Amino acid sequence: EEDFGGALKLDTDHRLLIQCVKPLLLSLNRAVVLASVSLMFHVAPHAELDQCVRPLLRLLNGRAEGHVMALSAVHTFILSRPALFAAHIKEFFLNPDDSHASRELKILIVAVLA
């Protein structure tokens, strides 16, 4: 539902859900961050999705075991909103120590962004 200014007007419960999830994007737990980003991706207005970029990129700087899940989430984001990650294309360049699955996802991501 839109108001006269063209901005998206959300139900109060919907807005409350989004406001309660935003602090979880800063969690140290990878699963919490991925779940929060997924929820934001599905229920938040497009103008607020830029807040999910840095938490996802932060997951790529951690241990390698979670890279595939984070890259899968990034790939899903990029398929519908590539502009969100266009400035961060260097984060998806291949590293020699990347796993095979991570390399495949990074190649797919760079192909969409390029």
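In this predicted model, the largest nonpolar core is built from 28 residues. Those with the most contacts inside this core are Val-37, Leu-56, Val-74, Phe-77, Phe-85, Phe-92 and Ile-109. Five helices each give two or more residues to the core: H1 (12–21), H2 (30–43), H3 (53–59), H4 (67–80) and H5 (100–113). Helix H4 is the top contributor, with six residues.

Ile-109 offers a handy way into this part of the structure. Setting aside its neighbours within four places in sequence, Ile-109 is in contact with Leu-71, Val-74, His-75, Ile-78 and Phe-92. Two of these partners, Val-74 and Phe-92, turn up again among the core residues with the most contacts.

Ile-109 also leads to helix H5, where it is one of the buried residues, along with Ser-102, Leu-105, Lys-106 and Leu-113. Looking down the axis of H5, the buried residues fall within an arc of 100 degrees, so they line one face of the helix. H4 is part of what covers them. On the face turned away from this buried side sit the exposed residues His-100 and Ala-111. As for its length, H5 has 14 residues and spans 20 Å from its first C-alpha to its last, close to the 20 Å expected at 1.5 Å a residue.

Charged side chains come next. Side chains of opposite charge can pair when their charged atoms come close. Across the whole structure, three salt bridges are found. One of them involves helix H5's buried Lys-106, whose side chain meets that of Asp-98 at 2.9 Å, N to O. Asp-98 is buried too, just like Lys-106.

Glu-48 takes part in a salt bridge with Arg-15, with the closest N and O atoms 2.6 Å apart. This pair links distant parts of the chain, since Glu-48 is in the loop between H2 and H3 while Arg-15 is in helix H1, 33 residues apart. The two ends of the pair are not equally covered: Glu-48 is buried, at a relative accessible area of 11%, whereas Arg-15 is partly exposed, at 24%.

Glu-48 also forms a salt bridge with Lys-22, and here the closest N and O atoms are 3.1 Å apart. Lys-22 lies in the loop between H1 and H2, so its pairing with Glu-48 in the loop between H2 and H3 ties together parts that are 26 residues apart in sequence. Lys-22 counts as partly exposed because its relative accessibility is 24%. Through shared partners, salt bridges join Arg-15, Lys-22 and Glu-48 into one network.

That leaves the cysteines. A disulfide is a covalent bond between the sulfur atoms of two cysteines. The structure holds zero disulfides. For Cys-20, the closest cysteine sulfur belongs to Cys-52 and is 15 Å away, which is too far for a bond. Cys-52 is likewise in no disulfide, with the sulfur of Cys-20 as its nearest cysteine sulfur. Their surroundings can be described as well: Cys-20 is partly exposed, at 48% relative accessibility, while Cys-52 is buried, at 1%.

Note on methods: Residues are numbered from 1 along each chain as its sequence is written. This is a predicted model: local features need pLDDT of at least 70, side-chain atom pairs count only at pLDDT 80 or more; totals for chains, interfaces and linings use all residues. Side-chain values use heavy atoms; hydrogens and water are left out. A disulfide is a pair of cysteine sulfur atoms within 2.5 Å. Buried means under 20% relative accessible area, exposed over 50%, partly exposed in between (1.4 Å probe, protein chains only). A nonpolar core is a set of buried Ala, Val, Leu, Ile, Met, Phe, Trp, Tyr and Cys residues joined through side-chain atoms within 4.5 Å. Helices (H or I, at least four residues) and strands (E, at least two) are DSSP runs, numbered from the N terminus. Contact means heavy atoms within 4.5 Å. A salt bridge is a side-chain nitrogen of Lys or Arg within 4 Å of a carboxyl oxygen of Asp or Glu. The expected span of a helix is 1.5 Å times one less than its number of residues. The arc is that of the directions from the helix axis to the C-beta atoms.
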